[in-house]
Amino acid sequence: MENEIAGYRVMDTEPVVGSAIRNSFVWDGDEITDVELPGACAFSTLAAARKYGQWSKGFWIVAISGEVARSGELAGEVIIRDAVVAGIVERIS
């Protein structure tokens, strides 16, 4: 990929390198809203993605590239515009 790694994301579907990642949405507690963010949410570090995914089974951690649009609301979260899967880091099993 031409772009540098911009973040890491935990995915519940098998990723394909080079595929686009849809924009994320704002959540209100445990409920998703119809407010679309300007990119896909990701963790700024691999360690944070691993911590988030540690209780998940059958998930993948991927590196994503794109333009960092802004910081997310949570610590260590970034919003990445035009995000694509840059590489598969590992499968959580």
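Where is the place of Arg50? Arg50 sits in helix α1. The account below starts from this residue and works outward.

## Model and confidence

This is a predicted model. Mean pLDDT for the protein chain is 88. A score of at least 70 is reached by 90% of the residues. Confidence is highest in strand β3, residues 31-36, with a mean of 94. It is lowest in β5, where the mean is 86. Where pLDDT is low, predicted coordinates should not be read in detail.

## Arg50 and its surroundings

Helix α1 spans residues 46-53. Its residue Arg50 has a relative accessible area of 39%. That value falls between the 20% and 50% cut-offs, so Arg50 counts as partly exposed.

Leaving out residues up to four places away in sequence, Arg50 touches Ile61, Val89 and Glu90. Val17 is a different matter of distance: the C-alpha atoms of Arg50 and Val17 are 19 Å apart. In sequence, Arg50 and Val17 are separated by 33 residues.

## Salt bridges

How many salt bridges does a search of the whole structure find? The search finds 2. One joins the side chains of Glu90 and Arg50, with an N to O distance of 2.8 Å. Glu90 belongs to strand β6 and Arg50 to helix α1. The pair links distant parts of the chain, 40 residues apart. Glu90 is partly exposed, at 27% relative accessibility.

Another salt bridge pairs the side chains of Arg81 and Glu67. Here the N to O distance is 3.0 Å. Arg81 lies in strand β6 and Glu67 in strand β5, so this bridge ties together parts 14 residues apart in sequence. Arg81 is partly exposed at 30% relative accessibility. Glu67 is also partly exposed, at 43%.

## Nonpolar cores

Which residues make up the largest nonpolar core? The set has 12 residues: Ala6, Met11, Ile21, Ala40, Ala42, Trp60, Val62, Ile64, Val78, Ile80, Ala83 and Val85. Four strands each supply at least two residues of this core: β1 (5-11), β4 (40-43), β5 (59-71) and β6 (77-92). Strand β6 gives the most, with 4 residues.

Ala42 is one of the core residues. Beyond its neighbours within four places in sequence, Ala42 contacts Gly7, Tyr8, Ile64, Gly76, Glu77, Val78 and Ile80. Apart from the largest core lies another, of 6 residues. Its members include Tyr8, Ala49, Ala63 and Ile92.

## Surface features

Phe25, Trp27 and Ile32 make a nonpolar surface patch of about 320 Å². Phe25 is in strand β2, residues 25-28. Its relative accessible area is 31%, so Phe25 is partly exposed.

Is Glu14 buried or exposed? Glu14 counts as exposed, because its relative accessibility is 62% and the cut-off for exposed is over 50%. This residue lies in the loop between β1 and β2. Along the chain, Glu14 and Arg91 are 77 residues apart. In space, their C-alpha atoms are separated by 9.2 Å.

Notes: Residues are numbered from 1 along each chain as its sequence is written. This is a predicted model: local features need pLDDT of at least 70, side-chain atom pairs count only at pLDDT 80 or more; totals for chains, interfaces and linings use all residues. Side-chain values use heavy atoms; hydrogens and water are left out. A nonpolar core is a set of buried Ala, Val, Leu, Ile, Met, Phe, Trp, Tyr and Cys residues joined through side-chain atoms within 4.5 Å. Buried means under 20% relative accessible area, exposed over 50%, partly exposed in between (1.4 Å probe, protein chains only). Contact means heavy atoms within 4.5 Å. pLDDT is the predictor's confidence in each residue, from 0 to 100. Patches are made of residues with over 30% relative accessible area and no salt bridge: like charges are joined within 9 Å, nonpolar side chains (Val, Leu, Ile, Met, Phe, Trp, Tyr) within 5 Å. Accessible areas come from the Shrake-Rupley method with a 1.4 Å probe; for residues, only the protein chains shown count as cover. A salt bridge is a side-chain nitrogen of Lys or Arg within 4 Å of a carboxyl oxygen of Asp or Glu.
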